[in-house]
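Student: Could you take me closely through the aromatic ring pairs of this model, and then through the strands and the nonpolar core that go with them?

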Amino acid sequence: MDKMEEFVRMFKSQILVLNVVKLGEAPGYEKAAALVKMKKVLGRTKHNFFFPVSENVTDEINSFIHRHKADMLVMLPHKHNTFEKLFRRSSTKRMAFHTSVPLLSIH
């Protein structure tokens, strides 16, 4: 996060935090805790949070990039269980091939 903060200051930009929520998905404790942690980590860095509802994460991210004229995409990959690893491609891998802006993945 320190490097991202340097970018924000250097380019006088802001961090737009996007969390695509699937239709019918109820926010749980983990998401609320992650939001609180992210707010704390970002501190005084200029930022905004967005929680659009969509079944297609890749399309929603690309639409968001286009609407907000984002210059870079940074993704924090979710940890997946064994079943998800076997039968589901990660959003980060999909975005690597379907985005028009540079992608930074922070594990």
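Tutor: What follows looks at the aromatic pairs, then at the strands, and last at the nonpolar cores. This is a predicted model, in which local features need pLDDT of at least 70 and side-chain atom pairs count only at pLDDT 80 or more, while totals for chains, interfaces and linings use all residues. Residues are numbered from 1 along each chain as its sequence is written, and side-chain values use heavy atoms, with hydrogens and water left out.

Rings of Phe, Tyr and Trp (its six-membered ring) are paired if their centres lie within 6.5 Å, and planes under 30 degrees apart count as stacked, over 60 as edge-to-face and the rest as tilted; by this rule there are two aromatic pairs. The rings of F49 and F51 are stacked, because their centres are 6.5 Å apart and their planes stand at 10 degrees. With buried meaning under 20% relative accessible area, exposed over 50% and partly exposed in between (1.4 Å probe, protein chains only), F51 is partly exposed at 43% relative accessibility. The rings of F50 and F64, by contrast, have their centres 5.0 Å apart and their planes at 65 degrees, so this pair is edge-to-face. This pair links distant parts of the chain, since F50 lies in strand β2 (residues 47–50) and F64 in helix α3, 14 residues apart; helices (H or I, at least four residues) and strands (E, at least two) are DSSP runs, numbered from the N terminus. F50 is partly exposed at 25% relative accessibility, whereas F64 is buried, with a relative accessible area of 6%.

Strand β2 runs parallel to strand β1 (residues 15–18), to which four bridges join it, two strands being paired if DSSP finds at least two bridges between them. Within this pairing, F49 in β2 is the bridge partner of V17.

Helix α3 leads on to the largest nonpolar core, a nonpolar core being a set of buried Ala, Val, Leu, Ile, Met, Phe, Trp, Tyr and Cys residues joined through side-chain atoms within 4.5 Å. This core has eight residues: V20, V57, I61, I65, L73, M75, M95 and V101. Helix α3 (57–68) and strand β3 (73–75) each supply at least two of its residues, and the largest share, three residues, comes from α3. Leaving aside residues up to four places away in sequence, I61 touches L18, V20, L73, M75 and M95, where contact means heavy atoms within 4.5 Å. A second, separate core has six residues, among them M4, V8, I15 and V17.
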